[in-house]
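Hi there,

As promised, here is the structure for you to look over. My notes come right after it.

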Amino acid sequence: MIDHAVVIAGGGPTGMMLAAELALANVDVAVVERRPDHVLVGSRAGGFHSRTIEVLDQRGVADRFLAEGQTAQATMLGTTVLDMSDFPTRHPYSLGIWQNKIERIMADWIAELPVRISYGHEVTGFAADDSGVDVELSDGGSLRAHYLVGCDGGRSVIRRAAGIDFPGWDPTKSNLIAEVEVTEEPPRGIRTDAVGVHGLHRMEDGKTVRVVVTEQQLGPSSEPTLGDLSEALIAVYGTDFGIHSPTWISRFTDMTRQAASYRAGRVLLAGDSAHVHYPAGGQGLSLGVQDAVNLGWKLAQVVNGISPVSLLKTYEDERHPVAARALQHTMASGVLQRGDDRTKALVGMVSELVTMDEPRKRICGIISGLDIHYDLGQGHPLLGRRMPDLDVVTADRPLRVFALLHEAKPVLLNLGEPGGIDITPWNDRVQLIEADYDGPWELPVLGPVTAPTAVLIRPDGYVAWVGDGAETGLRDALTTWFGTP
Ligand SMILES: Cc1cc2nc3c(=O)[nH]c(=O)nc-3n(C[C@H](O)[C@H](O)[C@H](O)COP(=O)(O)OP(=O)(O)OC[C@H]3O[C@@H](n4cnc5c(N)ncnc54)[C@H](O)[C@@H]3O)c2cc1C
């Protein structure tokens, strides 16, 4: 007997976002999280970028994050900060907000949705057959589901149990990250030397100092100690600032790997379980959240019998290249963070080039995620790209396009002849909205594009069909993405 349609292993940012997407699509979803509650020890990631803010805006929850963070120009290549304030988006910036806050806000959000979350339980493995997956738990129990999604981080048990390869590059350097108290006032800000980047700064409570220090040699895979941190600080600063009372000490490396496949039968991977890399540029959390938003509606349609299983293939086809590109980018960025004289000379040249208009836009497009282009075939530049959040006017009110996506349902936005498009057979699953819009159409990095007469928008906000006055290809697109009527 099936306990839940979908079980998600891991309730980090990716698992929570996926749970929200599935719940919005009326899928019975349960999250199994090994932590005793959503509280994350240590602050970990420092925020996310523009497309992730947009994705949260598409669900009507971006304001919750914006209210607790600080917007800033923070798209970076190596140590060069690039300005994207001229990008055509409502959010032409990144959001600085610690991961423990992000996870708290997400946990509050999914508590409002029909998501079941079991804290204090660990998934140890699974056994899949033709009709479902038995998800094994550390207390000896199990849960049966139609699908299991591994959102269980870089050391994913699910990825290993599924036998999915994780090829890539071994680590070459490691950093210690910690939250401690000090007896000596440390210098503020970032220091770069031949080994890498180091920094200390006081946290909001005025007492705790967040430390990130690059180790002189690649550290071991064991848990780091206060002694290791002291040694690493003395090597860089000549003192350990009297560190004591750590609440969190962790080690991360520049190991860079990506799952060879994102799916093995009824088991899928998303977030860090599918890709790990050095946090240079701060893209990991954003990638995971966007994996979840790409997978959520597709898995929901398969589970709800609307679409064939083959729809799941498009998840890997679309998201694997996005993460592969981020991996390349973070490897380059990691190198550009070295502070030896030869690398500094390279950084100087690269900085000069990437602050020129064209390259700046290209790099900001990549890091922000605003330039993502899923390969949906030839056609109008909007095809496969994110739908801009336009201010349109319907018969009864003005509204933002993203407001139409709050419930994660597809939209056919008719901006041409009112009543000119008929999608009656798909009425139960695609919203047909008649609206007017006479403003500009401008896409990030690409610039102005021709105004379409209609667009078919997927629940993840990407354009699946573009109208030019005729309905050519519309029925095929509706069938491909939203099933046969
Ligand atoms: C120092 C640092 C700075 C970073 N800065 C940024 C940044 O600025 N921007 C950014 O976008 N990203 C950043 N990242 C990356 C970001 O933290 C990760 O990419 C992100 O947390 C991935 O989310 P996830 O949900 O996929 O995985 P995780 O956050 O690892 O979540 C996995 C969850 O699964 C649970 N779990 C694991 N195994 C099991 C199991 N067997 N059973 C049940 N539960 C399990 C874990 O307890 C955890 O809650 C940074 C990372 C580090 C280390």
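Below I go through the ligand site, a small sheet, the aromatic pairs and two backbone angles.

Before you start: this is a predicted model, in which local features need pLDDT of at least 70 and side-chain atom pairs count only at pLDDT 80 or more, while totals for chains, interfaces and linings use all residues. Residues are numbered from 1 along each chain as its sequence is written, and side-chain values use heavy atoms, with hydrogens and water left out.

**The ligand site**

The ligand has 30 residues around it, where a residue counts as near if one of its heavy atoms lies within 4 Å. Those that come nearest are Thr-14, Glu-33, Gln-99, Asp-272 and Leu-285. By type, the shell divides into ten nonpolar, 13 polar and seven charged residues; here Ala, Val, Leu, Ile, Met, Phe, Trp, Tyr, Cys and Pro are nonpolar, Asp, Glu, Lys and Arg are charged, and the others, Gly among them, are polar.

Helices (H or I, at least four residues) and strands (E, at least two) are DSSP runs numbered from the N terminus. On that basis α1 (13-24), β2 (29-33) and α7 (284-303) each give the shell at least two residues, and α7 has the largest share, with three.

Polar contacts are pairs of N or O atoms within 3.5 Å; within protein, one atom must be able to donate a hydrogen and the other to accept it, and residues adjacent in sequence count only if both atoms are side-chain atoms. The side chain of Arg-35 places an N or O atom 2.8 Å from a ligand oxygen. A polar backbone atom of Gly-46 is 3.1 Å from an oxygen of the ligand, and a ligand nitrogen has a backbone N or O atom of Val-123 at 2.9 Å. On its own the ligand has 1,000 Å² of accessible area, of which the protein covers 89% (Shrake-Rupley method, 1.4 Å probe; for residues, only the protein chains shown count as cover).

**A three-stranded sheet**

There is an open sheet with the order β3-β7-β4 and antiparallel pairing; two strands pair if DSSP finds at least two bridges between them. Its edge strands, β3 (47-48) and β4 (70-72), each pair on one side only. β4 and β7 (residues 94-96) are joined by three bridges, and Gln-70 has Gly-96 as its bridge partner in β7.

**Aromatic pairs**

How many aromatic pairs does a search of the whole structure find? It finds eight, taking Phe, Tyr and Trp rings (for Trp the six-membered ring) with centres within 6.5 Å, and calling planes under 30 degrees apart stacked, over 60 edge-to-face and the rest tilted. Tyr-374 and Tyr-462 have ring centres 4.6 Å apart and planes at 45°, so this pair is tilted. Tyr-374 sits in the loop between α10 (357-368) and β22 (391-393), and Tyr-462, 88 residues apart from it, in the loop between β28 (454-457) and β29 (463-467). Both tyrosines are buried (under 20% relative accessible area; exposed is over 50%, partly exposed in between; 1.4 Å probe, protein chains only).

The rings of Tyr-437 and Trp-441 are edge-to-face because their planes stand at 85°, with centres 5.7 Å apart. Trp-441 is buried at 5% relative accessibility. Ring pairs also link Trp-297, Trp-481 and Phe-482 into a cluster.

**Two positive phi angles**

Most residues other than glycine have a negative phi. Asn-26, in the loop between α1 and β2, has a positive phi near 60° and is exposed at 68% relative accessible area. Arg-44, in the loop between β2 and β3, has a positive phi of about 55° and is partly exposed at 44%.

Best wishes
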